[in-house]
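Here are a few exercises to work through with the model open beside you. Try each task yourself before reading its solution.

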Amino acid sequence: MNNLYKLAEGLNKRYPDGNSPYQIATRLAEECGEVASEVNHFEGSGIKNLKRGEPSKASMAGELKNVLSCVMQLAIYYQVQDELEQTINASLAKLKSGGYID
Ligand SMILES: [Mg+2]
């Protein structure tokens, strides 16, 4: 989480004019589309497979990172870092008490 917040803070400083909530949400939607494209590529269901060659784990990871960066930028914008951590911890506790994780 800390590295993701650092990444988002760095991106906010590097691109100070692109961080309104609507700009971030638009980027998030765009990046989710790019993740979907990677899924298509891995699953061989996209129409551009011949053009794109073999799927790349690095490309998939890069697009997932882009999505996570946008999510963290929204968390920072709305100052919900503590609430995000709490809701994650609550979900982890539920899964733990249900015996799904250690
Ligand atoms: Mg991307």
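**Exercise 1. The pairing of α2 and α4**

Task: Find the handedness of the crossing of α2 with α4, left or right, and work out how the two helices are oriented to each other.

Solution: Keep in mind that this is a predicted model.
- Step 1. Look at how α2 passes α4: the crossing is left-handed.
- Step 2. Take the geometry of the pair. The angle between α2 and α4 is about 160 degrees, and their axes lie 9 Å apart.
- Step 3. Apply the cut-off: angles over 145 degrees count as roughly antiparallel. α2 and α4 are therefore roughly antiparallel to each other.
- Step 4. Now list who takes part. From α2 the contact includes Pro21, Ile24, Leu28, Val35 and Phe42, while the α4 side includes Met60, Leu64, Val67, Cys70 and Leu74.
- Step 5. Sort the residues of this contact by character: 14 are nonpolar, three polar and six charged. Among the charged residues you can pick out Arg27 and Glu31 in α2, and Lys57 and Glu63 in α4.

**Exercise 2. The largest nonpolar core**

Task: Identify the residues of the largest nonpolar core and say which helices supply at least two of them each.

Solution:
- Step 1. Six residues make up this core: Ile24, Leu28, Val35, Val67, Cys70 and Leu74.
- Step 2. Place them on the helices. α2 spans 21–43 and α4 spans 57–77, and each supplies at least two residues of the core.
- Step 3. Zoom in on one member from α2. Leaving out residues up to four places away in sequence, Val35 touches Glu63, Leu64 and Val67.
- Step 4. Do likewise for Leu74, which sits in helix α4. Beyond its neighbours within four places in sequence, Leu74 is in contact with Pro21, Ile24 and Leu28.
- Step 5. Check one of those partners by distance: Leu74 and Pro21 are 53 residues apart along the chain, yet their C-alpha atoms are separated by 6.7 Å.
- Step 6. Relate this to a wider pattern: in soluble globular proteins, nonpolar side chains tend to be buried together.

**Exercise 3. Where α1 meets α4**

Task: Decide whether α1 and α4 are roughly parallel or roughly perpendicular, and describe their contact.

Solution:
- Step 1. The axes of α1 and α4 come within 8 Å and cross at roughly 80 degrees.
- Step 2. Angles of 65 to 115 degrees count as roughly perpendicular, so α1 and α4 are roughly perpendicular to each other.
- Step 3. Name the partners. Leu4, Tyr5, Leu7, Ala8, Glu9, Leu11 and Asn12 in α1 meet a set of α4 residues that includes Leu68, Met72, Gln73 and Ile76.
- Step 4. Sorted by character, the residues of this contact are nine nonpolar, three polar and two charged.
- Step 5. Take Asn12, in helix α1, as a close-up. Asn12 has a relative accessibility of 19% and counts as buried, since buried means under 20%. Apart from neighbours within four places in sequence, its contacts are Asn19, Gln73 and Ile76.

**Exercise 4. Outside the helices**

Task: Classify Ser20, Gln79 and Gly99 as buried, partly exposed or exposed.

Solution:
- Step 1. Ser20 belongs to the loop between α1 and α2. With a relative accessible area of 28%, Ser20 is partly exposed.
- Step 2. Gln79 lies in the loop between α4 and α5. At 54% relative accessible area, Gln79 is exposed. Its backbone deserves a look too: phi is positive, about 55 degrees, although residue 79 is not a glycine.
- Step 3. Gly99 is in the segment after α5 and counts as exposed, at 59% relative accessibility.
- Step 4. Finish with a distance: Gly99 and Met72, 27 residues apart in sequence, are 29 Å apart in space, C-alpha to C-alpha.

Technical notes: Residues numbered from 1 in each chain as written. Predicted model: local features only at pLDDT ≥ 70, side-chain atom pairs only at ≥ 80, totals over all residues. Heavy atoms only, no water. Core = buried A, V, L, I, M, F, W, Y, C linked by side-chain atoms within 4.5 Å. Buried < 20%, exposed > 50% of the residue type's maximum accessible area, 1.4 Å probe, protein only. Helix = DSSP H or I, 4+ residues; strand = E, 2+ residues; numbered from the N terminus. Contact = heavy atoms within 4.5 Å. Axes fitted to C-alpha atoms, helices over the stretch in contact; angles between N-to-C directions. Parallel < 35°, antiparallel > 145°, perpendicular 65-115°, else oblique. Left-handed = near helix turned anticlockwise from the far one by under 90°.
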